[in-house]
Amino acid sequence: MSADRSGNQRRYRGRRLEHPPTRPTWRCRDCGIAWPCSAAKLRLLGRYRENRPALLAHLVTLREEAAGHLVGLGHPVPEDVLDRRFLTWADPPD
């Protein structure tokens, strides 16, 4: 959900924009790009702001699910690409 100039929350087609993945393609339901999109990353960072290890554990699970789905579709993705897509952004360097 985003705010308009008056600060009111906007809805798209009557629902909040949550940017969830569509399965088995692993594209964002709301914006259509590879998931997690930027909006999904921001939502996840906000949801797990107090527990980064839990975020990473959640993302590892999703990465494994996505790898299986994409192989099943005949579109295997190399592990390093999936790591960058699902994990690297959420694990900042020390």
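Which element gives the most to the lining of the largest pocket? The answer is α1, with four residues. The structure is a predicted model, in which local features need pLDDT of at least 70 and side-chain atom pairs count only at pLDDT 80 or more, while totals for chains, interfaces and linings use all residues. Residues are numbered from 1 along each chain as its sequence is written, and side-chain values use heavy atoms, with hydrogens and water left out.

To set the scene, the protein has three helices and four strands, arranged along the sequence as β-β-β-β-α-α-α. Helices (H or I, at least four residues) and strands (E, at least two) are DSSP runs, numbered from the N terminus. Of the 94 residues, 23% count as buried; buried means under 20% relative accessible area, exposed over 50%, and partly exposed in between (1.4 Å probe, protein chains only).

Back to the pocket: its volume is about 160 Å³. A pocket here is an open set of points on a 1 Å grid over the protein atoms alone, where a 1.4 Å probe fits, with protein on both sides within 12 Å along at least five of seven lines; lining residues have an atom within 4 Å of a point. The volume is the space filled by probe spheres set on the points. Among the lining residues are Glu18, His19, Trp35, Arg43, His58 and Leu62. Two or more of the lining residues come from each of α1 (38–47) and α2 (52–72). By class, six lining residues are nonpolar, two polar and three charged.

Helix α2 deserves a look of its own. Its 21 residues reach 30 Å from the first C-alpha to the last, close to the 30 Å expected at 1.5 Å a residue. Leu55, Leu59, Leu62, Arg63, Ala66 and Leu70 are the buried residues of α2. They cover an arc of only 115° around the axis, which puts them on the same side of α2; the arc is that of the directions from the helix axis to the C-beta atoms. Pro53, Thr61, Val71 and Gly72 are exposed on the other side.

Aromatic contacts complete the picture. The structure holds three aromatic pairs, defined by ring centres within 6.5 Å (for Trp, the six-membered ring), with planes over 60 degrees apart counting as edge-to-face. The rings of Trp26 and Phe86 have centres 5.8 Å apart and planes at 65°, so this pair is edge-to-face. Trp26 lies in the loop between β3 (21–22) and β4 (27–28) and Phe86 in helix α3 (residues 79–86), 60 residues apart. Both Trp26 and Phe86 are buried, and ring pairs link them with Trp35 into a cluster.

Technical notes. Nonpolar A, V, L, I, M, F, W, Y, C, P; charged D, E, K, R; others polar. Phe/Tyr/Trp six-rings, centres within 6.5 Å; stacked < 30°, edge-to-face > 60°. Expected span 1.5 Å × (residues − 1).
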